Structures are given as structure tokens and as C-alpha cells.
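User: I'd like to practise reading strand pairing and helix packing. Can you walk me through one model?

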Amino acid sequence: MRNEAAVVVVGGGITGCSIAYHLTAAGCRDVVLVEKGELTSGTTFHSVGLVSQFRTSPADMLLMSYSIRLYRGLAAELGDAAGWRPVGSLRLASSPTMLQSLRRSVSRARALGLDVGLIGADEARRICPMMSGEGLYGAVHVPDDGYLEPNGITRELARRAVAGGAEIVTGTRVTGIRLDPRGRVEGVETTAGPIRTECVVNAAGQWAPRVAAMAGVDLPIVSLMHQYLVTRPVPGQELPRETPVVRDPENLVYVREEVGGYLIGGFEPQPKVWRLDDVPWEFTQQLLPGKWELFEPLLAGAIRRFPAVEKAEILHLVNGPDGFTPDGHYALGPVPGRPGLWVAAGMSINGIAGAGGVGRVVAEWILEGEPSIDVWELNVRRFGAHLGDRRYAAEKAREVYRYYYAPQFPCDENEWGRPHRTSPLLDRLLALGAVFGERAGWERAHYFVPGSPGRRQGADERTWERPSYWEHVAREHRAVRERVGLLDMTSFGKLDVTGAGALVFLQRLCANDVDRPTGSLVYTQCLNARGGIECDVTVTRFGDSGFRVTTGTGSTASDLGWLRLHLPEDGSVEIADVTERHAVLSLWGPDARRTLATATPADLSTPVFPYLASRMIDVAGVEVRANRVSFAGELGYELVVPREDAGRVWDRVFAAGHEFGIEPVGYYALNTLRLEKCFYYWGDDICPGDTPLEANVGFCVRFDKGDFIGRDALLRQRASGPERKLVPLVLGGEACVLWGGEAVVVEGRAVGRVRSGGYGHTVGHNIALAYLPTALTRPGTAVAVEAFEQLVPAEVRSAPLWDPRGERVRT
Ligand SMILES: Cc1cc2nc3c(=O)[nH]c(=O)nc-3n(C[C@H](O)[C@H](O)[C@H](O)COP(=O)(O)OP(=O)(O)OC[C@H]3O[C@@H](n4cnc5c(N)ncnc54)[C@H](O)[C@@H]3O)c2cc1C
């Protein structure tokens, strides 16, 4: 075994082998892959191997489409030996609800560039005649999908990696990761001796948390069981080899042909954890005992759709574990705080489908600094410290698994593991009738039903139509636009950046100029080298060398990770996540100043306390940091309060607002308010694949302040002009309900995708935010939005739709 390598890959499953192959194919020959057993002896060997590109997440679809191209290419060279079976797939609708859900998914997939459509039940049965037509309402047919024999392809990827210069060492376990005093990777220990390296890729499947722990890193991946059974062929009713893979979510199953018989797997409603942590090293080429009681509902579902299964002799029930993340997405990328350590794990029963694409993006990321596909949803840095509670992480993972096949509705909220993180205002919000959703473990008020007891929102709004809370949201919306509203935003991320090097550090990361006087607020993006938006934050200056970076609940961990990835090594900057220490109360509306003035002796007049200023003021005897900002586009203040004093401040402000008709406001109303102002959500509207010039936040980029990450790329884009731009579209009336992801269509062609959408209760229109080719972004341009296969006419408008000159926030 080599004792030095440019890259060491830990794990010889399909993920590790694909990464090794793509690294060598890109010219990085100095790769060692270390595998404790034989190649594929982890989860890969017993995989069913289904590969579908019909996804509604852009990252998943692009990764899986690439996988299919890779597998197809190998099959073209190697024939059957490559193990790729391009039989196509059918995803069935076994109820009108699922048909509706598929309609929506089809539009979302089309918006991502996948040319799919719905077919009728008869056509589906023509493609797969062994299916019963009972309760069949339609299907999506994807002819390019298929399945893979995972062992053959993994070995072929390994063979090619070796031909490209890699060394593959089996029967050897990585036992430690060596770090230098600054936390940088400098090598691995193995049972066959050490290897010096500055780059380790943890592709150790369900053992990945143990490998990460060797470098002191917590990886929230838990091992869940997944089962399938195989039958003998039913005499006279053998399944033809070309039978497509059938997914019948409402019957909980997927089905494919296996030597003329059936292979039936699926997603049990009560999934089981195998191990919360510490999957034994010795668990190599092994399976778990079958759990018949878990599988019974799946078998019943398979019989409903394929009646011949009832007569089939069962050969075996396979129970194999795989590593699952709490949100069911892969965990990819560099690990913040551990330079040189990478992760490609948590494949969550999708590792075969994604392996080709994952291998490619991880190799690009290591060699070029950025992946060519925007994989922010899969970035390992998204996990927050709250997921260190393994039982909680497992509940999240189990619930994702449980709903993997269930029709999902836009207002579904997961229910398991709640409540996990709560605001000190929880009781007050409950008393006001709050209905809570969950984000990053936080209970957050979505809307209020006055006079009702507060409760947790669950999977109870099972509709694509106008939800029951519409009028509550409209009322809260109007309160903010016309009077004043109070919103608990305690879950907002608060990251304190301090130290002698803090200013230089933030100036390098932020596209805006944060070198402003103490007490200033600066809205800014942090960019990657391609100019893409990695973080969208507000920076408050506390003093010469003290700043607070404030960010959204869902992006706190990701932003903290981005900062830590760039932390200078000289110790001149420290970052502390102080999110849990402070509550945040947002007071917004034309009467916000008068309300606050009743609760504080401080001078709130604009000359003393202007827009985008941050001041310490006294409220109810508590020293409160008041920031004059508003995500609703109205006059307003964010009050940052020590956690223990939050109740007192809330009570005082709420009482002060009484005479102005104050209302408690939830996140759903906030969404409609910010849509009218075209304020963006990171992860929906702006992502690492979008630049500030495309997103119309070029006003936050200060090219003249000196160098910052992404500047060169933006200068190039400014010179050539962006090819697409984010614009608001308005759709007439309230006829359809937008949820995001819908295709934007011009002359029958998808030209964009709704990033986020909703109803603007003040402007009286449905609003959709979408990137369109620049030629289509002139205000007044007519386009259409495809909602449930209906083309709804829409018009491009200029942003924002409400208070275009921003006078209301500045008054
Ligand atoms: C029953 C079942 C059916 C499935 N069906 C599908 C499907 O239809 N489609 C799909 O896309 N996915 C499917 N999956 C999921 C898919 O099989 C996995 O996601 C995928 O195989 C994971 O591959 P991997 O390389 O990441 O992990 P693994 O295959 O587990 O490889 C990790 C490797 O790392 C090695 N390793 C661990 N620790 C060390 C160490 N310290 N030193 C050296 N080596 C180490 C292990 O021995 C192992 O070989 C299924 C999974 C199961 C359980």
C-alpha cells in the first residue's frame, strides 16, 4: 500500500468507487481507496439498484440524470456485463389525490428540463400488463429510467479508477484520521499502516459517523432498515425481462422483475432504526433478520397491484440497513473546521441512483473548488448542532422514510421528535392560538387562530387548493400593512464574529462593504468563487472588531459552516453561534414606531434612529438591541432580547400595541408580505448557483471596496451581462394556488421555474418569483405558469410589487 496520496477515499461501496473513478478520470491519479472488507461489502451488495431521474429537487434530478448517462455509457461499451437494465419506470397514481400530486411533480420535473408527462391507466397497463387496473388513475412513464446490478458497476468503476492510477486496498480498515494542531488533515491510520494525505473523503456509508468521529466531527447519519422480498416466477405468469420498474406509492411498494419473478420492496409506515450510532465494523457482507411484521402491509399492497404475487412462492426477504440523514438528502462536501476532510455519505436508500453524479461532483469540488451542479440541499454543512441528539436525528430520518412514498402536501409538517427547540415565548404564542411548524428543530408560529388553543401543525392540510388558514394569514398580513404586527423570530440565526481579524475576514467574505460605523446594519451576500450566493445575511457592527451576522433559521448551520470554512488560521477571528441566547421580536407596520415609543423612553425619531441602524434601548427595564429593519417592507424594528427577559418585553410591547390594533403574526403571513416586496429566501430564490446580478441584488455588491470572494466572477458577468434574471410574475386573481417549483412556459417551452410563490394579499395577485432568460424579463412580458397541467397566464413585473421606492421602511 502507498504511504502517501493526494486523496484517500474511505469506503469501497458504489459511492467511494465512483469518486475514485471520477478523480482519476479528471487527472488526479494519486488516489488510494481503503476498504475494510471487499468492494461492495457494505450496503451496496444487497441493493435493489433502482435508478430514477423523476425528481423534484434540482440537485437530485441533475445528479441522477448524470448517473443514468454514465451507466448507459458503460452499458454501451460493456453490454450486459455493465448490469444496466434500461427498462423504464412507471410511477402510479392509485388515487385522485396522487394523480393531482403527480401532475404537480410533472410540472416541476419539466421545469427542471426532464421531458415527462402523465399517461392514462390504460396506457400504463399496456406498458405493464401484469398490473391490475383496479384503482389505477394514471402514471408517469420515464422510458430512460432503469435499474442496475450494483456489484458489477461498482467493480467496473473501481477497475477504471485503478487503470487511471488509483490504488484500491481491501481488507484494510481506516482506524484514525491524523490532524495537525490547526485541525487540518495530515493523514490516516489504517490496519495496514499510515498514509500521509491532505485530503480524506469519508465515503464509509453507514459507518461514516464513526469515521467522522475520528476527526472529532459529528455526522447525523443513522442506520435504518430497508426490506425487499424476491419470489419465484409464477408459472404461466412470469414477468417479462423488459417489465418496467413500477412504483406504486399508495400501495407502499416498488416492484421489478427478478429472473421472471417479482422483487418487491417499499417504505414501511413504521420504519425501524437498526443503529443510532456505532454500526459494528465487523458488519461486512451481512444482512439483518427479515422483519415480516413490518413487511406485511407492503406485501398486501403488492398483491393489490399485482394479483399474481398472491400465488408466488417467496424465495427470501432481505433486510439491509443503510445510512440515513435527518432530511433524507445526501451529505456531501467539505467539513467546516476540518480542512482536508470531505464527506460523501448518508445516501438514504438512493445511493445507487445518485452514485454517478455524486462521484462527479465530489471530484470536481475537490479538484476545482466548486461542483458544477448546485448541490446546496445536499451540503454536509447544513446540519446544525441540534442534530447531535441522535434520537432526534433518528426520528427525523424515520419520518422522512415514512413519508417517502406518501403523497406530500405543501403545508405538511413533520410531527415526530417535536418539540425540540422552543422559544421562551412559546406559552404566550400558544395562548394566542398559534399553530406551529418546525424549522431546524425550532417550533415556529405559522399562523394564529384567535380564540383556539395553540397546537402543532402536522399533516392536516391535505390539499393543493386554498388551505383553511387563508383568512387568518390574510388578517395577519393586513395587520402589518395597515397597523402593526408582532412576530416571534427567535429562531433567527445569530453568529458573533469577533477578534482583531474580524473586519478583514468579513470584508473578504461579504460582497457588500461592512466597514461602516458601529451601530450599522448591512444587508449582504457571501459568494463562492463563481459569484454564487452561499449566504444571504445582515451584518451588524458592534464595535471595531465585533460583528453579528444574522441569518434565517434554516440557513444558520450552513452559514456558520461557510464562515468556518474560511476562517483564517492565525486565530485572529472567533465565531460563536449565540442563536439560543437571544429571543427576537419583530415589530412591523405603520404603527410600529408609535407602539414601541409607548414601551421605551428612547428617542425613535428617524434622525436619531434611522433605517438600517442598530441601537440599545430600554424596554420594560430590559436592555434590548433594536435593529431598524423589516423583512415585511414596513416601518419596523427587530428587538433582540436576552432569552430570560423575552416574556417581559413581549408583554410590554404587545400591551403597548393594543391601542393600535396589534396582532400576533406568523411565518405564513411573513411569506406573503416579503413576496410583495420581492425579498428573497435563501435556498428558494437565491442559491449558490445564482449570482447577485441575476437575483437583482447587485445593489449589495461593492466592487469598489477591494477584493472579496466571487468578485472576479461577478466582474466577468457584469461585463457580459447576466443571461437570466429573477423577476416577479403576477397571475390574475386567486384562481390557482402557487407553491413553488412550477414550470414557467413560453410558446410551449419551459423557460424557468417558480422558485417561490404565493398570494399577495395587498397587491391582490398570485406572485411567483422566477429566473427567466434576460430577453423575457421586460415588464409586461406575457408568460404562463403551469399549475397542475393548466397554463395560467402571467405577466412579468418589475420588482418590488409593493412600495417600489422603499419609502415605508424609511419614514
Ligand atoms: C435493501 C436496500 C435496497 C436498496 N435499494 C436501492 C435502490 O433501489 N436504489 C438506490 O439508489 N439505492 C438503493 N439502496 C441504497 C444503496 O444501496 C446505498 O445507498 C448505497 O449502496 C450506499 O453506497 P455507499 O458506497 O455510500 O455505502 P456502502 O456500500 O455501505 O459502502 C461503504 C463502505 O465503506 C467501508 N468502510 C466503512 N468504514 C470503513 C473504514 N473505517 N475503513 C475502510 N472501509 C470502511 C464499508 O465496508 C463499506 O464497504 C438500497 C439499500 C438497501 C439497504
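User: Which residue in S40 does Val 745 stand opposite?

Analyst: First, keep in mind that this is a predicted model. To read a pairing, pick a residue on one strand and look across to the neighbour. Here Val 745 faces Ala 784 of S40. That pair belongs to the antiparallel pairing of S37 with S40, which runs over 3 bridges.

User: What joins S40 to S41, and how do the two strands run?

Analyst: Count the bridges, then check the direction. S40 and S41 are antiparallel and joined by 6 bridges. One example is Val 785, whose bridge partner in S41 is Val 792. The two strands make a hairpin with 2 residues between them. In that turn, Phe 788 has a positive phi of about 50 degrees.

User: Is S40 enclosed or open to the outside?

Analyst: Here you go by how many residues are buried. In S40, 5 of the 6 residues are buried, so the strand is largely enclosed by the rest of the structure.

User: What do these strands build together, and in which order do they run?

Analyst: Follow the pairing from strand to strand and see whether you come back to the start. In this case you do: S36-S39-S38-S37-S40-S41 is a closed barrel of 6 strands, with antiparallel pairing. On average, neighbouring strands are turned by 45 degrees against each other, direction ignored. Between S36 (residues 724–731) and S39 (residues 765–773) there are 8 bridges, again antiparallel. Arg 724 sits opposite Pro 773 in S39.

User: Which helices go with the barrel strands?

Analyst: Look for contacts, then compare directions. Helix H3 (residues 96–111) lies across S37, S38 and S40, running at about 125 degrees to S38. Helix H16 (residues 667–677) packs on the sheet too, touching S38 and S39. The direction of H16 makes about 125 degrees with that of S38.

User: Now an open sheet: what is the strand order, and which strands are at the edges?

Analyst: In an open sheet, the trail of pairings has two ends. The order here is S27-S28-S29-S26-S30, 5 strands with antiparallel pairing. The edge strands, each pairing on one side only, are S27 (521–527) and S30 (574–577). Neighbouring strands of this sheet are turned by 30 degrees against each other on average, direction ignored. S27 is joined to S28 by 7 bridges, and Leu 527 has Ile 533 as its bridge partner in S28.

User: Which residues of H12 are buried, and what do they pack against?

Analyst: List the buried side of the helix, then see what it meets. For H12 (residues 502–509), the buried residues are Ala 502, Phe 505, Leu 506, Gln 507 and Leu 509. They pack against S26, S27, S28, S29, H13 and S30.

User: How do I read a helix pair, say H1 and H5: at what angle do they cross?

Analyst: Take axis distance, angle and handedness in turn. The axes of H1 (residues 14–25) and H5 (residues 150–163) come within 8 Å and cross at roughly 30 degrees. The two helices are therefore roughly parallel to each other, and H1 passes H5 in a left-handed crossing. Among the contact residues are Ile 14 and Tyr 21 of H1, and Leu 157 and Arg 160 of H5. By class, this contact has 8 nonpolar, 3 polar and 1 charged residues.

User: And H14 with H15: what is the angle there, and which hand is the crossing?

Analyst: Same recipe. H14 (residues 592–599) and H15 (residues 646–657) pack at about 125 degrees, with their axes 8 Å apart. They are therefore oblique to each other, and the crossing is right-handed. Thr 595, Thr 598 and Ala 599 of H14 meet Arg 652, Val 653, Ala 656 and Gly 657 of H15.

Methods. Residues are numbered from 1 along each chain as its sequence is written. This is a predicted model: local features need pLDDT of at least 70, side-chain atom pairs count only at pLDDT 80 or more; totals for chains, interfaces and linings use all residues. Side-chain values use heavy atoms; hydrogens and water are left out. Axes are lines fitted to C-alpha atoms, for helices over the stretch in contact, and angles run from 0 to 180 degrees between N-to-C directions. Helices (H or I, at least four residues) and strands (E, at least two) are DSSP runs, numbered from the N terminus. Angles under 35 degrees count as roughly parallel, over 145 as roughly antiparallel, 65 to 115 as roughly perpendicular and the rest as oblique. A crossing is left-handed if the near helix is turned anticlockwise from the far one by less than a right angle, and right-handed if clockwise. Contact means heavy atoms within 4.5 Å. Ala, Val, Leu, Ile, Met, Phe, Trp, Tyr, Cys and Pro count as nonpolar, Asp, Glu, Lys and Arg as charged, and the others, Gly among them, as polar. Two strands pair if DSSP finds at least two bridges between them. Buried means under 20% relative accessible area, exposed over 50%, partly exposed in between (1.4 Å probe, protein chains only).
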